[in-house]
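Here's a quick briefing on how the strands in this one line up. Have the structure open while you go through it.

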Amino acid sequence: EASGSPVEIRAGGSVAIGTAMSTTLARDLSIKGTSISLSGVDNQAGQYFQGVSLTGTGAVTLAGSVGITGDFAVSGATGVVIASSLTIDTCPGGAMAGLVNLGSIPVSASATGVDLFIDTRADTGGDISFGAVGSSVGGQALRSLKANSLGTVGNGQININGSSIRVAGGGATGIALDGNVALTANLTLTSPGAAVGLAALGGSVSTTGAKRSLAISTVPVSGPGGAITLGQFADTVGGQLGVLTLDTAGAGSSIAGSLTLLKDLAIGGLTLASAGTVVVGAPIRIDSPGGDVLLGGTSVETAASVVTAGAPGASLTIVTAKTVASGKVAFGVVGNAGGAYLAGLVVDAGIDGVPAIVRLNGRVSVAGDVVLDGTVVVPATRGIDTNKGTVPGVARIATSAGSLSSSTGGVLLDIVTELAGKAGGAVALGPVANAGGAFLQAISMKTRGYDAGSTPGSLT
C-alpha cells in the first residue's frame, strides 16, 4: 500500500469486521456494503485513520469505540445500531476535531445497558448530526446518550435531525448534550429517572430558524424523577426555542427531580409540570414575551415549585411582558432550600404590555430586592421578606404595571424589610384592588431596624 493511500472495502453484500481496525500510516477508510458491522477503529497499529466513511443500505452496527483524527460519516443506512457501550472520538489530542455526521439516520441499541458518547471536543469542536434516537432498528434504546462538541476557540454544532430522543435510563445520566445544540424540528426528550443536561457544561440551545417546541420528561417507572440542568437558551444558530415543557415527577409518592438553571433562557414559554425544586445557579434571566412561566404545575393555581439559589449571589429575573398579551407567572415558596437565598427576584409581566397574572403560591424570602409587576395575586396569607442578606432589599409591587389583590377573601400579606442594625428597606405599592377576584383583607409592613438607631424604610 502506498504511503497514506485511502483504503476502501466494497462488497455487494454485507461487511462484517470482527476485530478493531487500525493503520500503520494515517489514511482514510471507506466501507461500502448492504449491512456493515464494525468492531471498532483505533491506533493499535501505530496511527489513527483520518476519515472513516460507512455507506450501507441496511443497518450499520458499531460494536467498539471509534478513534480517528478526521470526519466520521454514515450514509444511506436504515439505522446506526450500537451493540456495546462505546465512544466515537474525532479528536484524540488534536487541535481541530472532525465531524460526526449521521445525517438523519436513527440511532438505537441492540442490547440493554448500552451507553453512547460522541466526543468532538477540541480547540475547535467538531459538528455532530444524528436523527431520532430510540429503539426502532436495533430493538433496544440506549441507556444513555452523551454528545460533547465544546471547543476552547469555537464550539461545534449538535444538529438533532429527528423529533425524539428516548433513552432507557437506569444510570446517573440519561441525556447530556454540550455544545451548540440545534433543533431542526419540535423535539421530545425522554429519560426515565435519569438526569438530562442541555448545554450544562457550555454552548447553547437554539433552533435552525423557526421556533420549535421542546418537551423533556424524566418521569420514571418507579422511584424519583430525574434532574434537569439547563444552560443557555438563545438564538445562536438562527432562532429561539418556542415553548419549553418539563416534567420531572417521581413515580407514585417519590420525589420529583430538580430543575437547575445555569444560564439565561430566551424562550417562548416555560412550564415545569411537576413540583420539583428550581435551583438558580447564577444571575438568571428568563425572557418569555407573551409566554407563561409556570414553575411546578400546569396552571397558575397549581404551580408550586420551591425556588432557591444554589449559591450566594444567584438571582432570578422573569420577563413575560408583551404588548398584545403578557405571559402569566406562578411559583411556590421562594427560599433557601438549595443552600442560599436569591440575591433578588424580579418579575415583569406587564411593563410596556398588557399586565398578566403573577401568582404567589408560597412565601417569598430573598437576600435583596423583590420587584413584581403585573396582576399580582396573593391566593392565601403570604409573606414577602427582603431581609435574608446583610442589607435588606426593597419591595416594589405593581408600581410600574398591574395591581395587587387576592383571589379569595380573608387574605393577609405581610411584607418585612427590617434587619437588625440596618436601615430598613423601602416598600412601594401600586394600585391595591380586586383584579384577582377579591380584595386583600390586610397588608402588614415592617420596615424598621431592630436597633433604636436604625432608620425605617420608606413607604410609597
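Ser 53 sits opposite Ala 73 in β8. Keep in mind that this is a predicted model. The notes below start from that pair and work outwards, then turn to an open sheet.

**β8 and its partners**
- The strand carrying residues 52-56, β5, runs parallel to β8, and four bridges join them.
- β8 also pairs with β11 (residues 100-101), again in the parallel sense, this time over two bridges.
- Across that pairing, Ala 73 faces Asn 101 in β11. So you'll find Ala 73 opposite Ser 53 as well as opposite Asn 101.

**Side chains along β8**
- Which residues of β8 (residues 72-75) are buried, and which are not? Phe 72 and Val 74 are the buried ones, and they point to one face.
- Ala 73 and Ser 75 point to the other face and are not buried, giving an alternating pattern along the strand.

**The open sheet**
- Go through the strands in order and you get β2-β4-β6-β9-β12: five strands in an open sheet, with parallel pairing.
- β2 (15-17) and β12 (107-109) are the edge strands; each has a single partner strand, so one side of each has no neighbour in the sheet.
- On average, neighbouring strands of this sheet are turned by 20° against each other, direction ignored.

**The β2 edge**
- Three bridges link β2 with β4 (residues 36-38), and the two pair in the parallel sense.
- To pick out a bridge here, look at Ala 16: its partner in β4 is Ser 37.

Conventions
Residues are numbered from 1 along each chain as its sequence is written. This is a predicted model: local features need pLDDT of at least 70, side-chain atom pairs count only at pLDDT 80 or more; totals for chains, interfaces and linings use all residues. Side-chain values use heavy atoms; hydrogens and water are left out. Buried means under 20% relative accessible area, exposed over 50%, partly exposed in between (1.4 Å probe, protein chains only). Two strands pair if DSSP finds at least two bridges between them. Axes are lines fitted to C-alpha atoms, for helices over the stretch in contact, and angles run from 0 to 180 degrees between N-to-C directions.
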